[in-house]
Amino acid sequence: MIYRHAYDLVLDDLFLDLSGFIPGVDLTLKIEGLNLAGSIKLKAAVGLLEDLERRGVLRPGGRVIESSSGNLGIALSSVCAARGYRFTCVADPNTAATSVRLMRAYGAEVVIVDRRDANGGFLQSRIDHIHARLREDPGLVWPNQYANEANPQAHYRRTAPALLKEGEVDVLFVGAGTTGTLRGCAEYFREHSPGTRIVAVDTAGSVTFGFPPARRHIPGLGTSRRPEIFRDGLVDEVVMVPEAEAVRMCRRLATGRGILAGGSTGSVLAAVESRHRDLPEGASVVAISPDLGERYLDTVYDDDWVGERFGAVDD
């Protein structure tokens, strides 16, 4: 099949049978990292930009600015390059050096904000920087993935239907970052498969679900500021996963199944493991893997980096 644009290469029908990886669990992993932008965020990036174009906010030759700790920034860098927009990503010190290099390879400007916000993270500081840039330069356009309904709608239209197309889902584990993927999938399943149990997975130290803030090191899941698109009451359960457990699960998946996955995937699989005794026997369990692991070679898969932050992690 020949595609016209790189951003059309969204492979929504790739699933991996992981039955037995977690004892007693009939587990399927939805692989989202094999499009050309390398993550599930390609769908959000296209949705956000098309929303701006439909509303006439973004015109040919326009300039886009967005906050991201990695994957959405890479996806927007790719799509903006293909559509002829200039892009600035406001990132932070937790953003992997590989991700920064990827964005710059696409021609994006990357600004690193290193001032922590009131909850010990960088999200509000990144957003404050965007507001300052918008005041200085009104020609910049901010998609605002944290408040724009086009973010969850991208997953309502694409990710969630692809999940159900493969068959019945008894329990769905979804990571929560901006909550765009989580909300889009949860709203779709509530309408089309109300019997599915939705489990949100977040990182210990994230404030999204009302838990106390703490310092975090791995980009992807978690926030230090609740996103505006967040909605209460859409999920059946929230599982908070310590980052050390995400690292352990990533390494176990790599050495046990030959799959190099990103930190968010490690968190989601750790959540499945923590709840496996509560899952009904024979239940069809699906987990979403947002990206692959090459961008985490200097962090999650680096012994020195892990040791400095978490001590010894049993693989």
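## Residue classes and the largest pocket

Ala, Val, Leu, Ile, Met, Phe, Trp, Tyr, Cys and Pro count as nonpolar, Asp, Glu, Lys and Arg as charged, and the others, Gly among them, as polar. On that basis the lining of the largest pocket holds 4 nonpolar, 5 polar and 4 charged residues. The model discussed here is predicted.

The largest pocket encloses about 160 Å³ of space. Its lining consists of 13 residues, and those nearest the centre are Pro 93, Asn 94, Thr 299, Trp 305 and Arg 309. Two helices, H3 (97-105) and H9 (303-310), each contribute at least two residues to this lining.

## Ser 99 in helix H3

Helix H3, a contributor to the pocket lining, also contains Ser 99. Is Ser 99 buried or exposed? Its relative accessibility is 5%, so Ser 99 counts as buried, the limit for that class being under 20%. Apart from residues up to four places away in sequence, Ser 99 touches Gly 70, Ile 74 and Arg 295. Of these, Ile 74 falls within helix H2 (71-83), which supplies at least two residues to the lining of the largest cavity.

## The largest cavity

Rolling a probe the size of a water molecule over the atoms shows where empty space is left. Over the whole structure, 3 cavities of 30 Å³ or more are found. The largest has a volume of about 650 Å³ and a lining of 44 residues. Nearest its centre lie Ser 69, Pro 219, Gly 220, Leu 221 and Gly 222.

By class, the lining of the largest cavity comprises 15 nonpolar, 21 polar and 8 charged residues. At least two lining residues come from each of helix H2 (71-83), helix H4 (123-136), strand E7 (171-175) and helix H6 (180-192).

## Gln 124 in helix H4

Helix H4, one of the elements that line the largest cavity, includes Gln 124. With a relative accessible area of 26%, Gln 124 is partly exposed, because that class covers values between 20% and 50%.

Once neighbours within four places in sequence are set aside, Gln 124 is in contact with Asp 117, Ser 224 and Arg 225. Gln 124 and Arg 226 are 102 residues apart along the chain, and 9.8 Å separates their C-alpha atoms.

## The second largest cavity

The second largest cavity has a volume of about 50 Å³. It is lined by Thr 203, Ile 218, Pro 219, Leu 221, Glu 243, Gly 263, Ser 264 and Ser 267. Pro 219 and Leu 221 are also among the residues nearest the centre of the largest cavity.

The lining of the second largest cavity divides into 3 nonpolar, 4 polar and 1 charged residues. Which element supplies the largest share of this lining? Helix H8 (residues 263-274) does, with 3 residues.

## Packing of helices H7 and H8

Helix H8 packs against helix H7 (residues 243-257), with the axes 7 Å apart and at an angle of about 95 degrees. The two helices are therefore roughly perpendicular, a term that applies from 65 to 115 degrees.

On the H7 side the contact involves Glu 245, Ala 246, Arg 248, Met 249, Cys 250, Arg 252 and Leu 253. These meet Gly 263, Thr 265, Gly 266, Ser 267, Leu 269, Ala 270 and Glu 273 of H8. The residues of this contact are 6 nonpolar, 4 polar and 4 charged. Gly 263 and Ser 267 serve in the lining of the second largest cavity as well.

Conventions
Residues are numbered from 1 along each chain as its sequence is written. This is a predicted model: local features need pLDDT of at least 70, side-chain atom pairs count only at pLDDT 80 or more; totals for chains, interfaces and linings use all residues. Side-chain values use heavy atoms; hydrogens and water are left out. On a 1 Å grid over the protein atoms alone, a cavity is a set of points where a 1.4 Å probe fits but cannot get out, and a pocket is an open set with protein on both sides within 12 Å along at least five of seven lines; lining residues have an atom within 4 Å of a point. Grid points are joined across faces, edges and corners, and a volume is the space filled by probe spheres set on the points. Helices (H or I, at least four residues) and strands (E, at least two) are DSSP runs, numbered from the N terminus. Buried means under 20% relative accessible area, exposed over 50%, partly exposed in between (1.4 Å probe, protein chains only). Contact means heavy atoms within 4.5 Å. Axes are lines fitted to C-alpha atoms, for helices over the stretch in contact, and angles run from 0 to 180 degrees between N-to-C directions. Angles under 35 degrees count as roughly parallel, over 145 as roughly antiparallel, 65 to 115 as roughly perpendicular and the rest as oblique.
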